[in-house]
Amino acid sequence: MIKQIFNKLPRKPSRSVENRDGGGSTFSPSPRSSDLPSPRSGNSNAASSIGVNSNSSPGLNHGSRLPQAVNAKENGSSGVSPYEALPSFRDVPNSEKQSLFIKKLNLCSVPFDFTDPTKNLKEKDIKRQTLVELVDYVSSANEKFTENAMQEIIKMVSINLFRVLTPQPRENKILEAFDLEDDEPLMDPAWSHLQIVYEFLLRFVASPETDAKLAKRYIDHSFVVKLLDLFDSEDPREREYLKTVLHRIYGKFMVHRPFIRKAINNIFYRFVFETEKHNGIAELLEILGSIINGFALPLKEEHKLFLVRALIPLHKPKCIQMYHQQLSYCITQFVEKDCKLADTVIRGLLKYWPITNSSKEVMFLGELEEVLEATQPPEFQRCMVPLFQQIGRCLSSSHFQVAERALFLWNNDHIENLIKQNRKVILPVIYPALEKNSRTHWNPAVQSLTLNVCKLFSDIDPEFFEECMTKFQEGEAQEQQKKLQREATWKRLEEIAAMKAASNEPVLVSRKLTPRASSG
């Protein structure tokens, strides 16, 4: 009788079953021990039931591996789901927290399909709550993370974040900045989980308990490249997190810094010279702006090559409006660090100066003003002739915003002083454009600004201004004479052709035809 009663009591799990939980030690009884999966379900623990082993390599076979019991539940099976919430960290002693941490990481290493909002609701909620607990645990950690914990952390992060990005529906469109601004950005349906994973990774990297020398084995070059690939995500929230995470990694892992810069360079090369399609150029440039700000002086040759080969060519793509503010900041940082680079930057801008895109031209003029503000007289003198030839063309533009923005350069005190010091060279180059604007430009504001600039030159050096005016008038007279000569030549040709029209003889005209003297 007593034997039958004892047989009905639940048996204590064997030690071998407890040791398969993913940690070296067993849990002590806790108020939430009922949350753990029952051994009777055929699976000894959550980690083994979801097919994640603590010794497995990151990202292995995680794409299609859902918990078997979750699938069974969807198929109508009455089995108990082993994907159950684990005990809270508050409910276990300190000696068990490291083991529970690993188990929670394994539990969160199962991806779910978020394209169907009605699928796996319970499991998704359990995973989300577990991720929040992991973030809190990492934030309050007061002892160094072990190598095993780091391996599991990077495995969980890799499984959740590194994925094929959703194809862009507007991929075949011509990539114009205006098109991108009009279209709504694509929001990732899995963001409710992805955000917590990013926050977890950010807290882990920033944590003082993360040993950089040990963590660099797992946050390696492969991890960084995959992280950079995610910058092409259409979700701006994800790119914002990526920007912060990558900047933290750059700051903490000094050994990775050259590789990160090189990898970003490669993204820029592919964008400029191959695809002209990428969603994260602005965020990458924002990171680089902070990096450039910290460059030591004198600048290394590697950094100067980066300016010439990667940053300056970024002015070429049509969609520059999406990242121009960040690009302009990076360019200006270089000039402020080393004023001798001003000539290189200005000539680079002139090389990629737009011809038919007026809005892009206005942006270039704005960037040019920032660069000139940091330019010293010796560097200015090296490039002022080609520079003001281009500015002269902008002054003559029929697009009033281009002409107006070019005239606004004289409102900057530093640029105005540079122009005054070199007026003997600059005024003859731009005087024709100023004179034509003041006479014939259709926009009253442009005419008014042009007269102000002319008055400025006239007040500084009235004699030289008069000299330029005289030369311009002489040039106009010569141009008028050439025009009359051309008209006379064509008139002579018409007369000869009319005389020989009847005989069908070819008309032979000498190279130089002297116009007939008028008889009065």
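This briefing describes the fold, the helix packing, the salt bridges and a few individual residues of one protein chain.

The model is predicted, and for that reason local features need pLDDT of at least 70 and side-chain atom pairs count only at pLDDT 80 or more, while totals for chains, interfaces and linings use all residues. Residues are numbered from 1 along each chain as its sequence is written, and side-chain values use heavy atoms, with hydrogens and water left out. The secondary structure comes to 24 helices and zero strands, where helices (H or I, at least four residues) and strands (E, at least two) are DSSP runs numbered from the N terminus.

**Overall build**

- Of the 520 residues of the chain, 44% count as buried, a term that stands for under 20% relative accessible area, with exposed meaning over 50% and partly exposed in between (1.4 Å probe, protein chains only).
- Among the contacts in the chain with a separation of 6 or more, 75% are accounted for by residues 24 or more positions apart, a contact being heavy atoms within 4.5 Å.

**Packing of helices α11 and α13**

- Helix α11 (residues 221-229) packs against helix α13 (residues 257-275) at an angle of about 35°, and their axes are 11 Å apart; the axes are lines fitted to C-alpha atoms, for helices over the stretch in contact, and angles run from 0 to 180 degrees between N-to-C directions.
- The crossing of α11 and α13 is right-handed, which is the term used if the near helix is turned clockwise from the far one by less than a right angle, whereas an anticlockwise turn is left-handed.
- On the α11 side the residues are His221, Val224, Val225 and Leu228, and these meet Phe259, Ile260, Ala263, Ile264 and Ile267 in α13.
- By class, this contact of α11 with α13 has eight nonpolar, one polar and no charged residues, with Ala, Val, Leu, Ile, Met, Phe, Trp, Tyr, Cys and Pro counted as nonpolar, Asp, Glu, Lys and Arg as charged, and the others, Gly among them, as polar.

**Salt bridges and disulfides**

- The count comes to 25 salt bridges, each defined as a side-chain nitrogen of Lys or Arg within 4 Å of a carboxyl oxygen of Asp or Glu.
- Asp113 and Lys119 form one of them, with their closest N and O atoms 3.9 Å apart; Asp113 is partly exposed at a relative accessible area of 29%, and Lys119 is also partly exposed, at 25%.
- Glu416 and Lys420 meet through their side chains in a salt bridge of 3.0 Å, N to O, and because they are four residues apart in helix α21 (residues 413-421), about one helical turn separates them.
- Within that pair, Glu416 is buried, with a relative accessible area of 14%, whereas Lys420 is partly exposed, with 27%.
- Asp461 forms a salt bridge with Arg423, the closest N and O atoms lying 3.4 Å apart, and this pair links distant parts of the chain, since Asp461 is in the loop between α23 (444-460) and α24 (462-499) and Arg423 is in helix α22 (residues 423-440), 38 residues apart.
- Asp461 counts as buried at 14% relative accessibility, while Arg423 is partly exposed at 23%.
- Arg163, Asp188 and Glu238 are joined into one network by salt bridges that share partners.
- The count of disulfides comes to zero, a disulfide being a pair of cysteine sulfur atoms within 2.5 Å.

**Two residues of helix α16**

- His324 lies in helix α16 (residues 324-337) and is buried, with a relative accessible area of 8%; leaving aside neighbours within four places in sequence, His324 is in contact with Met363 and Glu367.
- Leu327 also lies in helix α16 and is buried, with a relative accessible area of 0%.
- Not counting residues up to four places away in sequence, Leu327 touches Leu285, Leu311, Leu314, His315 and Ile320.

**Backbone details in loops**

- Most residues other than glycine have a negative phi, and most peptide bonds are trans.
- The peptide bond from Leu297 to Pro298 is cis, with omega near -5°, and Pro298 is placed in the loop between α14 (281-293) and α15 (301-311).
- Glu276, a residue other than glycine, has a positive phi, near 55°, and is found in the loop between α13 and α14, where Glu276 counts as partly exposed at 23% relative accessibility.
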